[in-house]
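The following note is offered to a colleague who is meeting this structure afresh. Its points are numbered so that each may be taken up in turn.

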Amino acid sequence: MVFWEGYVNDEVMGIFAPIVIYWLYGGFYQLLPPLDGYRLHTRREEEEKNLLSLSKVVKGVLLQQLLQAAVAHTLFLVTSTADESGITIQPSIPIQIVQIIIGMLVMDTWQYFMHRYMHQNKFLYRHIHSQHHRLVVPYAIGALYNHPLEGLLLDTIGGAIAFLISGMTARTSVIFFCFATVKTVDDHCGLWLPGNIFHIFFQNNTAYHDIHHQLPGTKYNYSQPFFSIWDKILGTHMPYTLVKRPEGGFEARLVKD
């Protein structure tokens, strides 16, 4: 049993919960005070290096989420196993955990190779993926700011493939996609906060992805959103060290192997 049972069906939650979570978690970071002592880039760097207004970023994210919702709706219609009374038999908790882990590995695999190809193909980078890198200094609300085609190919279709291969139900997908959303937002938040569980349990975290957004690191650290497995296997892993800046905050510096 889940807290939304009896109020909203699993399919509606699967469509809208990740979108609501995105704006709640991203908005939380956006409303925090400057926290200059924990930033990976100074506010001046953010103002000077980023080539987009916040309003344009918000519009771009909303467009991607509209496409995401349409695909999710279609996916749930096609894969529904509900009986005549509308009830779907849910797998056991251990099976759901295995499905989520499979989904994480599938999504990581899809996103690594698509992401890497968008960097290696000059046409795709120039006309599509470079839109995401216009945010040289990442921030939380801009996590899903992409060219619409990239958002569809990388995130939405990647999520759909993870959903299908793992065999999860719409209910399990709510947990999976909400977690993936929170992780993606956190990876772009630009803050190295003490006690952040994503920094503790994941090598692929805010600083790791910040390296990728830096000019010398654009050909490294393609892995997202969960693990750094493919970077390590295929030689695109770029370790980093966190250096405390004299004026406050941290700087993620590349460390050549």
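**Notes on the predicted model**

1. The largest pocket holds about 420 Å³ of space. It is lined by 24 residues, and those closest to its centre are H133, H213, Q214, L215 and T218. Please note that the model under discussion is a predicted one.

2. Which elements give two or more residues to the lining of the largest pocket? They are helix 2 (43-49), helix 4, helix 9 (206-213) and strand 2 (250-254). Helix 4 contributes the most, with three residues.

3. The enclosed space should be considered separately from the pocket. When the whole structure is searched, one cavity of 30 Å³ or more is found. The volume of the largest cavity is about 540 Å³. Its lining comprises 35 residues, and Q68, M107, D155, T156 and F177 are the ones nearest its centre.

4. Two or more residues of that cavity lining come from each of helix 1 (10-31), helix 3, helix 4, helix 6 and helix 7. Which of the elements supplies the largest share? It is helix 6, with seven residues.

5. Helix 6 therefore deserves a closer description, as a matter of the cavity lining to which it gives the largest share. Helix 6 covers residues 148-166, 19 residues in all, and spans 26 Å from its first C-alpha to its last, close to the 27 Å expected at 1.5 Å a residue. A kink of about 30° is centred on I157. Just after the helix, G167 adopts a positive phi of about 75°.

6. The buried residues of helix 6 are E150, G151, L154, D155, T156, G158, G159, A160, A162, F163 and S166. Two of these names, D155 and T156, recur among the residues nearest the centre of the largest cavity. The packing partners of the buried residues of helix 6 are helix 3 (54-79), helix 4 (93-120) and helix 7 (170-187).

7. Helix 1, another contributor to the cavity lining, has 22 residues and reaches 30 Å between its first and last C-alpha atoms, close to the 32 Å expected at 1.5 Å a residue. Where does helix 1 bend? The bend, of about 35°, is at F16, and the proline P18 follows within four residues.

8. Many positions of helix 1 are listed as buried, including D10, M13, G14, P18, Y22, Y25 and Y29. The buried residues of this helix pack against helix 3, helix 7 and helix 8 (197-201).

9. The UniProt record, an unreviewed entry, places the feature "transmembrane region" at residues 12-32 and 93-113. In the model, residues 12-32 are 95% helix and 0% strand, with the end C-alpha atoms 30 Å apart. Residues 93-113 are 100% helix and 0% strand, and there the end C-alpha atoms are 31 Å apart.

10. A final point concerns D187, which lies in helix 7. Is this residue buried or exposed? D187 counts as buried because its relative accessibility is 4%, and the cut-off for buried is under 20%. Leaving aside neighbours within four places in sequence, D187 is in contact with N204, N205, T206, H209 and P225. The C-alpha atoms of D187 and F226 are 9.6 Å apart, although the two residues are separated by 39 residues along the chain.

How values were computed
Residues are numbered from 1 along each chain as its sequence is written. This is a predicted model: local features need pLDDT of at least 70, side-chain atom pairs count only at pLDDT 80 or more; totals for chains, interfaces and linings use all residues. Side-chain values use heavy atoms; hydrogens and water are left out. UniProt positions are given in the numbering used here, feature names are shortened, and annotations may be inferred rather than shown by experiment. The expected span of a helix is 1.5 Å times one less than its number of residues. The bend at a residue is the angle between axes fitted to the seven residues ending there and the seven starting there. Buried means under 20% relative accessible area, exposed over 50%, partly exposed in between (1.4 Å probe, protein chains only). Contact means heavy atoms within 4.5 Å. On a 1 Å grid over the protein atoms alone, a cavity is a set of points where a 1.4 Å probe fits but cannot get out, and a pocket is an open set with protein on both sides within 12 Å along at least five of seven lines; lining residues have an atom within 4 Å of a point. Grid points are joined across faces, edges and corners, and a volume is the space filled by probe spheres set on the points.
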